[in-house]
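The following exercises introduce a single structure step by step. Please attempt each task before reading its solution.

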Amino acid sequence: MKPLAIPLAGVVGSPVAHSLSPRLHGFWLRKYGIDGYYIPIELSRDSFERGIKSLPDLGFRGVNVTLPFKETALSIADDITDRAALIGAANTLTFRKDGRIQADNTDGYGFIANIRQHAPDWAADAGPAMVLGAGGASRAIISALLAEGAPEVWLANRTRNRAEMLREHFGARIKVIDWTKIQTELAGVTTLVNTTSLGMQGQPALQISLDRLKAGTLVTDIVYSPLRTELLDKAAAKGCVTVDGLGMLLHQAAPGFENWFRKKPQVDDDLRAAVLAT
Ligand code: ATR
């Protein structure tokens with residue numbers, strides 16, 4: 001007798017115990033009455049490729065990939081979406097019936113979907129965007145902002161060289177700004193994004209004055225712990241439109257869930273509450 005195919009998915013990382021993804025996908029599985037499971041999977045660097053390649057035979061339809069495997073995930077994939085190639089990293093792997101592994105990156109999609117949901121009047125092409133930070137999250141966000149039509153992305157990073165490397169990668173619409181000049185340049189932007197870990201619980205504060213920020217500027221933070229960062233509070237007090245970072249996490253998960261469990265999930269307040277519940 002053919003065994004019942006219970007769809008499985010998970011998140012692969014190291015460490016992975018802190019990941020909110022199992023809670024998030026678990027909420028959707030229950031909500032839609034899907035008889036499937038989503039689990040955390042801890043792999044070492046040495047066992048990553050072998051581990052991933054064993055998953056399809058166990059019934060896995062795919063996995064999310066988190067630190068430190070987002071770049072390695074690209075190198076073991078058979079097919080790579082354009083956006084994952086542009087970002088240079090993958091967060092979503094889908095195991096296809098023909099045995100091929102598809103790598104996608106939904107972080108930039110999640111970033112934009114979150115803003116659209118909470119600030120529907122925002123337009124990327126209204127003016128330059130300033131992005132703070134030049135790590136992996138920044139790459140995904142820059143590529144999304146450029147794809148959405150931001151005329152320029154002004155990029156500031158503590159280690160200037162990393163910002164220069166992203167300029168090389170993404171081209172002339174990127175303007176590198178010195179980390180010490182952020183405050184003076186703020187008057188010229190219509191979007192401000194923090195992609196650094198500054199402001200996160202247990203991390204140093206993001207110490208910039210927002211005095212020159214124009215009212216109406218869209219300000220968003222990828223930090224979601226705390227949900228209302230000091231940056232968002234200060235920006236809201238200046239009359240800016242603020243969007244917290246939790247929605248990016250929720251939205252980036254949706255394409256994977258749809259691929260693996262064949263149901264387009266809703267990102268709504270119930271999901272936020274379930275993910276925030278301790
Ligand atoms: P991720 O992939 O999550 O973006 P990352 O690659 O470690 O993580 O990037 C973290 C970002 O936060 C970087 O832009 C980092 O700046 P550096 O490139 O100079 O390291 C930034 N960051 C972390 N701690 C910082 C601090 N104390 N001051 C300023 N920037 C900081």
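**Exercise 1.** In which helix does S138 lie? Determine also whether S138 is buried or exposed, and which backbone oxygen its side chain reaches.

*Solution.* The structure is a predicted model, in which local features need pLDDT of at least 70, side-chain atom pairs count only at pLDDT 80 or more, and totals for chains, interfaces and linings use all residues. Residues are numbered from 1 along each chain as its sequence is written, and side-chain values use heavy atoms, with hydrogens and water left out.

Step 1. S138 belongs to helix α6, which covers residues 136-147. Helices (H or I, at least four residues) and strands (E, at least two) are DSSP runs, numbered from the N terminus.

Step 2. S138 has a relative accessible area of 0% and is therefore buried. Buried means under 20% relative accessible area, exposed over 50%, and partly exposed in between (1.4 Å probe, protein chains only).

Step 3. The side chain of S138 reaches the backbone oxygen of G133 at 2.7 Å. A polar contact is a pair of N or O atoms within 3.5 Å; within protein, one must be able to donate a hydrogen and the other to accept it, and residues adjacent in sequence count only if both atoms are side-chain atoms.

**Exercise 2.** Locate I142 and state which residue is paired with I142 by a C-alpha separation of 8.7 Å.

*Solution.* Step 1. I142 is also placed in helix α6. Step 2. Its relative accessibility is 0%, so I142 counts as buried. Step 3. The paired residue is I174: the two are 32 residues apart along the chain, and their C-alpha atoms are separated by 8.7 Å.

**Exercise 3.** Describe the surroundings of the ligand. How many residues surround the ligand?

*Solution.* Step 1. The ligand is surrounded by 13 residues, of which A134, N157, R158, T159 and R162 are the closest. A residue is near a molecule if one of its heavy atoms lies within 4 Å of it.

Step 2. An N or O atom in the side chain of T159 is 2.4 Å from an oxygen atom of the ligand. For R158, a polar side-chain atom lies 2.8 Å from a ligand oxygen atom, and for R162 the corresponding value is 2.8 Å.

Step 3. Of the 640 Å² of accessible area that the ligand has on its own, the protein covers 71%. Accessible areas come from the Shrake-Rupley method with a 1.4 Å probe.

**Exercise 4.** Where do T106 and D104 lie, and are they buried or exposed?

*Solution.* Step 1. D104 is part of strand β6, while T106 occupies the loop between β6 (101-104) and α5 (107-118).

Step 2. D104 is buried because its relative accessible area is 9%; T106, at 0%, is buried as well.

Step 3. The C-alpha atoms of D104 and T81 are 5.3 Å apart, although 23 residues separate them along the chain. T106 and N91, which are 15 residues apart along the chain, have C-alpha atoms separated by 6.7 Å.

**Exercise 5.** Examine the backbone at P68, P226 and R262. Which residue is joined to P226 by a cis peptide bond?

*Solution.* Step 1. A cis peptide bond, with omega about 10 degrees, joins S225 to P226. P226 is found in the loop between β11 (218-221) and α9 (230-237).

Step 2. The peptide bond from L67 to P68 is likewise cis, with omega near 0 degrees. P68 is in the loop between β3 (60-65) and α3 (70-75).

Step 3. R262, a residue other than glycine, has a positive phi near 55 degrees. R262 is located in the loop between α10 (246-261) and α11 (269-276). With a relative accessible area of 56%, R262 is exposed.
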